[in-house]
Amino acid sequence: MQKKMGNDEEHLKLFVRQNNSEGISAIGFGLGNKIELTTNKKPFNAVYCIDENEWNSKTTVQLRLKDIN
């Protein structure tokens, strides 16, 4: 699952997994133009940091993508 977000679709929201891992939600601010790199379950490289996401009084762990290629 991946989608562009924001008024100008400038951000990227996706769910990533490595090998057979459970997976984790990720967000890339300013990376909406790189959505094609994440389609069709193709592998891609990512630079990220671990972040907390608070939404509707619920806090979860997510990856904050810095760049992908």
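**Close-up views of a predicted five-strand chain**

**View 1. Overall fold of the protein chain.** Among contacts (heavy atoms within 4.5 Å) in the protein chain with a separation of 6 or more, 34% are between residues 24 or more positions apart. The model is predicted, so local features need pLDDT of at least 70 and side-chain atom pairs count only at pLDDT 80 or more, while totals for chains, interfaces and linings use all residues. Residues are numbered from 1 along each chain as its sequence is written, and side-chain values use heavy atoms, with hydrogens and water left out. The protein chain has 0 helices and 5 strands, strands being DSSP runs of E with at least two residues and helices runs of H or I with at least four.

**View 2. The largest nonpolar core.** This core, a set of buried Ala, Val, Leu, Ile, Met, Phe, Trp, Tyr and Cys residues joined through side-chain atoms within 4.5 Å, has 9 residues, including L12, L14, A26 and L65. Strands β2 (11-16) and β5 (58-68) each supply at least two residues of it. Beyond its neighbours within four places in sequence, L14 is in contact with I24, A26, F44 and L65, among others.

**View 3. The surroundings of K13.** K13, in strand β2, is buried (under 20% relative accessible area with a 1.4 Å probe, protein chains only) yet has no salt bridge, a term that requires a side-chain nitrogen of Lys or Arg within 4 Å of a carboxyl oxygen of Asp or Glu. The nearest side chain of opposite charge, D51, is 9.1 Å away, whereas a polar contact (N or O atoms within 3.5 Å, one able to donate a hydrogen and the other to accept it, with residues adjacent in sequence counting only if both atoms are side-chain atoms) of 2.8 Å joins the side chains of K13 and S25.

Key
Buried < 20%, exposed > 50% of the residue type's maximum accessible area, 1.4 Å probe, protein only. Lys, Arg positive; Asp, Glu negative; His and termini not counted.
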